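Before going through the points below, please look over the sequence and the structure together. The notes start from the chain as a whole and then turn to pairs of helices and single residues.

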Amino acid sequence: MNVFQMLRLPDLVSLLNLICGISSIAVAAQATIQAAISQTTAAHNGFVLALILLLIAAIADGADGYIARRFKGGELGEQLDSLADAVSFGVAPALLIYLQFGQINPLVGDPDPLVAVFPVFYAICGVLRLARFNSMASSKTGFEGLPITAGCVMLVTYMLLSEDLVKIDFLLALTLCLSILMVSSVNYPKIRNVRILAFVASIFGITMLLYLYNIEYMRIFSILPFILMLMYIFSPFFKVPLLSNLGSKEYRNKEFSARKEKQ
């Protein structure tokens, strides 16, 4: 069978995820060239756009799972989704960190070894995490290890903050911590609640719109998605109530039963 005939609607959304990841890498590479020839403003805007494209990829990654549950998925679904995630949330953020912070002058400057090693380690851990996920039976309640999408969004929301807040030392430490969490056995909750997913997507959407309107406003607003991601990262350790079942059919049935008993 022709591979294009095997594609279903969720697969097309996964491809959108992949396209955004590849586009992010291309935009960041172009920004690096612009920085080398002293086009500072264009380079700055280019790196921000590369980060925004990864947010779009994250929305697409969440959407393809929801669409796959609502509509029949194809044979390519799980494998295509993982391959897209490896590019968009593993390779792309690692390259962005290196391209933006790895060299003082991209053409003549010597690369900083740490800024090269930490992102590579992150990408390796991300791919290992995806491989483990594909080789194990899927759990309906949670993930073993931090999802690679969450790791990427954590890095992206941090790098979108004000330039005064983004420090390379903290970024490298954050990259290392996220890498370890991805390959750890820490249990992270699956958020299937449509209301919560829509709320998070709307926060990302507002961030993108502010990028088009005013980058400085976007940087201020980015504090909100950054805090949301911190809550998710720390949720297994501090028992942050994510209310992942709120609004689900099971939750509504329990709530209805409880009300009926009270009456």
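The helices named in this note are DSSP runs of H or I with at least four residues, numbered from the N terminus, and in that sense Thr149 is found in helix H5. The model under review is a predicted one.

1. Overall make-up. The secondary structure of the chain comprises ten helices and two strands. Read from the N terminus, the elements follow the order α-α-α-α-β-α-α-β-α-α-α-α, which may help a new reader to keep track of the helix names used below.

2. Burial and surface. The chain has 263 residues, of which 41% count as buried. About 14500 Å² of the chain is exposed, and carbon and sulfur atoms supply 66% of that area.

3. Contacts across the sequence. If one takes the contacts in the chain between residues at least 6 apart in sequence, 78% of them join residues at least 24 apart. The residues discussed in the later points give some particular cases.

4. Helices H2 and H5. Helix H2, which covers residues 40-70, packs against helix H5, residues 148-159, at an angle of about 150°, and their axes are 10 Å apart. Because angles over 145 degrees count as roughly antiparallel, H2 and H5 are described as roughly antiparallel to each other. The crossing in which H2 passes H5 is left-handed. On the H2 side the meeting residues are Leu51, Leu54, Leu55, Ala58 and Asp61, while H5 brings Thr149, Cys152, Val153, Val156 and Met159. Sorted by class, this contact of H2 with H5 has eight nonpolar residues, one polar and one charged.

5. Thr149 in H5. Is Thr149 buried or exposed? Its relative accessible area is 15%, and because buried means under 20%, Thr149 is buried. Setting aside residues up to four places away in sequence, Thr149 touches Ala58 and Asp61, together with Asp85 and Phe89. Of these, Ala58 and Asp61 belong to the H2 side of the contact between H2 and H5.

6. Helices H7 and H9. A second pair is formed by helix H7 (residues 194-213) and helix H9 (residues 223-238), which pack at an angle of about 145° with their axes 9 Å apart. The crossing of H7 and H9 is left-handed. The contact is made by Phe199, Ile203, Phe204 and Thr207 from H7, and by Leu224, Pro225 and Leu228 from H9. By class, the residues of the contact of H7 with H9 divide into six nonpolar, one polar and no charged.

7. Gly90 in H3. Gly90 lies in helix H3, which spans residues 77-101, and with a relative accessibility of 0% Gly90 counts as buried. Leaving out neighbours within four places in sequence, Gly90 is in contact with Asp85, Tyr122, Ala123 and Ile148. The C-alpha atoms of Gly90 and Pro119 are separated by 8.9 Å, although these residues are 29 apart along the chain.

8. Leu49 in H2. Leu49 has its place in helix H2, and at 29% relative accessibility Leu49 counts as partly exposed. When residues up to four places away in sequence are not counted, Leu49 touches Val27 and Tyr211. Where along the chain does one find Met208 relative to Leu49? Leu49 and Met208 are 159 residues apart along the chain, and their C-alpha atoms are separated by 9.0 Å.

Definitions and conventions
Residues are numbered from 1 along each chain as its sequence is written. This is a predicted model: local features need pLDDT of at least 70, side-chain atom pairs count only at pLDDT 80 or more; totals for chains, interfaces and linings use all residues. Side-chain values use heavy atoms; hydrogens and water are left out. Buried means under 20% relative accessible area, exposed over 50%, partly exposed in between (1.4 Å probe, protein chains only). Contact means heavy atoms within 4.5 Å. Accessible areas come from the Shrake-Rupley method with a 1.4 Å probe; for residues, only the protein chains shown count as cover. Axes are lines fitted to C-alpha atoms, for helices over the stretch in contact, and angles run from 0 to 180 degrees between N-to-C directions. Angles under 35 degrees count as roughly parallel, over 145 as roughly antiparallel, 65 to 115 as roughly perpendicular and the rest as oblique. A crossing is left-handed if the near helix is turned anticlockwise from the far one by less than a right angle, and right-handed if clockwise. Ala, Val, Leu, Ile, Met, Phe, Trp, Tyr, Cys and Pro count as nonpolar, Asp, Glu, Lys and Arg as charged, and the others, Gly among them, as polar.
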